[in-house]
Every structure is written in structure tokens, then in C-alpha cells.
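Hi,

Here's the structure I promised to pass along. Have a look first, and my notes on it follow below.

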Amino acid sequence: MNPAYAVFALKRLGQAVLVVLLAYVLTFVVISVLPGDPLTSTLRNPENGFSEDQIAQMVSFYGLDRPVWVQLWEALSRFIVGDLGISLRSSQPVATIIGEALPSTLSLALTALAVALILAFAIAYGVQVLPERAARLLRSFPALFLSVPNFVIGLLLLNVFAFQLGLFSVIDPDAPIATFFAAVALGIPVSAQIAEVLITGLDHEFRQDYAVVAYARGLGRARLFFAHLLKPSALPVVTVTALTVGELLGGALITETVFGRAGIGSVVQTAVATQDLPVLQAVVALAAVVFVTVNLLADLVYPLLDPRVDLVHRASRPTPTPERASV
């Protein structure tokens with residue numbers, strides 16, 4: 001392994017771990033330490049029906065009778081080993097609750113990401129190979145996709161394909177066909193950012209001397225696209241795709257509500273309604289772990305795809321694009 005790459009990978013891994021821990025600490029402070037002590041307030045809420053013995057057990061488990069720094073240390077210790085605490089609503093381990101809901105959300109998010117990548121590629125390809133008038137029309141699609149919220153797209157898809165055409169049933173939201181349409185609703189807005197970056201990269205590469213010469217010698221636009229333009233133009237897409245993970249996670253919660261899916265979105269809704277603070281803290285921590293992990297993988301893959309990247313200064317400057325990467 002390249003020593004420079006090994007040092008770069010270790011630094012990025014350390015930064016990722018630090019970001020996750022800081023996100024957890026910040027969440028802990030906001031939820032458990034700010035004035036009012038929302039965790040104790042939830043336990044003492046008569047509507048929740050906790051007995052004094054149950055309250056004593058929860059206070060002992062979360063260390064609410066100990067100094068703040070002790071509570072934080074115990075919370076971090078449990079988090080590192082995967083212990084996310086106990087739900088105040090169901091008295092089940094939070095890890096179990098999230099583990100049951102996570103597969104549905106992951107399948108939706110991954111399918112939506114595939115839809116977004118395919119749609120962005122199709123738009124970028126059409127912009128390069130179709131006649132000018134059609135290409136101009138396609139260039140407007142990303143702006144259109146960004147202007148329409150995913151829940152509006154979801155409602156339209158439900159009305160047309162579920163209620164009018166009957167292609168899937170709303171009482172079986174986890175069926176593959178229902179998951180596909182939910183992923184389309186989530187993936188369309190996400191595809192806009194990817195398509196914009198890919199189109200910009202293709203336009204830049206098409207103006208380079210090697211592309212101008214190849215096209216002047218009779219190389220077709222489709223062949224030029226696949227043989228010469230796609231690879232260098234797609235490099236920034238790796239970074240943009242990683243950055244869209246946050247949008248996928250946030251959009252998945254809304255899309256699950258629209259399509260009636262039982263995923264992390266329903267867990268968050270129930271936790272907010274019942275003030276189940278350990279569950280909310282665990283969901284925020286999980287989102288931070290997923291987002292940081294995906295961006296870490298993107299940072300580690302990028303130098304392998306583009307040898308022009310300067311690994312020494314990579315961690316201290318913006319992600320290089322074909323325009324500013326050193327040759």
C-alpha cells in the first residue's frame with residue numbers, strides 16, 4: 001500500500017471517529033443536560049404511568065443522580081459498545097427497536113440512490129447526444145426536480161399508480177413494487193444535484209483539446225461520451241453522492257410517512273409523540289454514523305479513482321474537481 005495513502009486513510013478515519021463522538025456528545029447535551037432535564041421530566045410525567053420503582057431503575061440506569069460528566073461518560077461507554085439505552089415508552093432496548101425498523105429504511109434509501117444515479121446518468125447522457133433543442137429541455141430537468149418536494153411527488157405517484165392504475169397496494173407498502181415507487185419519489189429530487197455536477201463535468205471535458213480533436217475526426221457523440229468523457233466527469237459525482245446521504249435519510253423519513261412504511265420515520269414519529277428521548281438520541285447518533293461513514297468511504301475511494309489527487313493536502317482543502325486537480 002502507498003505510505004501516503006495509508007497516512008491519509010488513518011487521518012480520515014480518526015477524523016470520522018471524532019466527528020461521530022462529538023455528534024453524540026452534542027446530542028447528549030441538548031437532550032439530557034440543558035435546563036429542565038427532559039429525561040427526568042418524561043419519567044415524572046403522570047401520562048406515562050411509571051411507578052416509583054420503574055423511575056428509580058431508569059434514574060439508576062441513566063445515572064441521573066450522578067454528576068453530568070459521569071452521565072456523559074457512561075452514555076459514551078454504552079454507545080461505543082452498541083448499547084443505546086432503554087425506550088421510555090416500551091421498555092425495550094433501543095437497539096432492538098431501531099434494528100427492527102432499519103432494514104425498511106435502508107432498502108428504501110438504497111433503492112432511491114440507485115434511481116437517482118440512473119436518472120442523473122440518463123439526463124447527462126441525453127444532454128450530450130440529443131439534438132440541441134432536446135438537450136436544452138433536459139438541462140432544465142434538475143432545476144424542476146429540485147423545486148418539487150419529494151412528498152408532493154409521492155402523493156402524485158400514489159394517486160396515479162396506486163389508486164388509479166392499481167399497480168401496487170397502499171396496504172402492503174413493503175412490497176417490491178411499492179418500495180420502487182417510494183424510491184422514485186425520494187430519488188427524483190436527489191438526482192438533480194448529481195445530474196448538475198455530471199453535466200458540468202461533461203461540458204468541461206467536451207471543451208478539452210482531446211475531445212475536440214476526437215469529435216472533429218468523426219468520433220460519434222455516444223462513443224465519445226463513453227470512451228473519453230464519462231470517467232473524468234464522473235469523479236466529482238462520488239463526492240456529491242456521499243453528500244446526498246443526509247438528504248436521503250431526511251427524505252426517507254417523510255417518504256415513509258407518505259407511503260405508510262414502518263421504518264425509522266415511524267420510530268421517530270412515535271418517539272417525538274411520546275417524548276421517548278433515548279430513542280431520539282439513538283436515531284440522531286445513527287444518522288451521524290451513517291453520514292460520516294459514507295463520506296469517509298467517498299474520501300478513501302476518490303484518490304484511488306483519480307491519481308492526480310494530492311494526498312498530503314487532501315484533508316485540508318476542498319474536494320478537487322477536474323478543473324483544479326493537479327496533473
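Let me start with one residue, Val240: with a relative accessible area of 14%, Val240 is buried. Keep in mind that this is a predicted model. You'll find Val240 in helix H11, which covers residues 221-243. Setting aside the neighbours within four places in sequence, Val240 touches Gln193, Ile194 and Val197. Ala195 is 45 residues from Val240 in sequence, and the C-alpha to C-alpha distance between the two is 9.9 Å.

Now the overall picture. The protein has 14 helices and zero strands, so reading from the N terminus you get α-α-α-α-α-α-α-α-α-α-α-α-α-α. It has 327 residues, of which 43% count as buried. The accessible surface comes to about 17,000 Å², and carbon and sulfur atoms hold 68% of that. As for contacts with a separation of 6 or more, 71% are between residues 24 or more positions apart.

Next, the salt bridges. The count is four, and here are three of them.

- Arg136 pairs with Glu132, with 3.1 Å between the closest N and O atoms. Both residues belong to helix H6 (residues 132-139), four residues apart, or about one turn of the helix. Glu132 counts as exposed because its relative accessibility is 60%.
- Arg139 pairs with Asp203, and here the closest N and O atoms are 3.0 Å apart. This pair links distant parts of the chain: Arg139 is in helix H6 and Asp203 is in helix H9 (residues 176-206), 64 residues apart. Arg139 has a relative accessibility of 37%, so Arg139 counts as partly exposed.
- Arg261 pairs with Asp174, with the closest N and O atoms 3.7 Å apart. This pair also links distant parts of the chain, 87 residues apart: Arg261 is in the loop between helix H12 (245-259) and helix H13 (264-274), and Asp174 is in the loop between H8 and H9. The two ends get different labels: Arg261 is at 4% relative accessibility and therefore counts as buried, while Asp174 is at 45% and counts as partly exposed.

On to the aromatics. There are 14 aromatic pairs by the rule used. One of them is Tyr5 with Phe8, a tilted pair at 6.2 Å centre to centre, with 50 degrees between the planes. Tyr5 and Phe8 sit three residues apart in helix H1 (residues 3-33), about one turn of the helix, and both are buried.

Another pair is Phe180 with Phe181. Why is this one edge-to-face? The ring planes are at 75 degrees, with the centres 5.4 Å apart, and planes over 60 degrees apart count as edge-to-face. These two are neighbours in name but not in burial class: Phe180 is partly exposed because its relative accessibility is 40%, whereas Phe181 is buried, at 8% relative accessible area. Both rings also belong to a cluster in which ring pairs link Phe161, Phe168, Phe180, Phe181 and Phe259.

Arg221 is worth a click too. The charged end of Arg221 sits over the ring of Phe206, 4.3 Å from the ring centre. Arg221 also lies over the face of Tyr215, at 5.4 Å from that ring's centre.

Last, the surface. Which residues form the nonpolar patch with about 420 Å² of accessible area together? They are Val160, Leu165, Leu167, Ile177 and Phe180. Phe180 is the partly exposed ring from the edge-to-face pair above. Val160 lies in helix H8 (residues 150-164), and at 31% relative accessibility, Val160 counts as partly exposed. That value also clears the patch cut-off, since patch residues need over 30% relative accessible area.

If you open the model in a viewer, you could begin with Val240 in helix H11, then go to the salt bridge between Arg261 and Asp174, and finish at the Phe cluster that includes Phe161 and Phe259.

Cheers

Terms used:
Residues numbered from 1 in each chain as written. Predicted model: local features only at pLDDT ≥ 70, side-chain atom pairs only at ≥ 80, totals over all residues. Heavy atoms only, no water. Patch = residues over 30% accessible without salt bridge, like charges linked within 9 Å, V, L, I, M, F, W, Y side chains within 5 Å. Areas by Shrake-Rupley, 256 points an atom, 1.4 Å probe, with all protein chains shown as cover. Salt bridge = Lys/Arg side-chain N within 4 Å of Asp/Glu carboxyl O. Helix = DSSP H or I, 4+ residues; strand = E, 2+ residues; numbered from the N terminus. Buried < 20%, exposed > 50% of the residue type's maximum accessible area, 1.4 Å probe, protein only. Phe/Tyr/Trp six-rings, centres within 6.5 Å; stacked < 30°, edge-to-face > 60°. Lys NZ or Arg CZ within 6 Å of the ring centre and 35° of its normal. Contact = heavy atoms within 4.5 Å.
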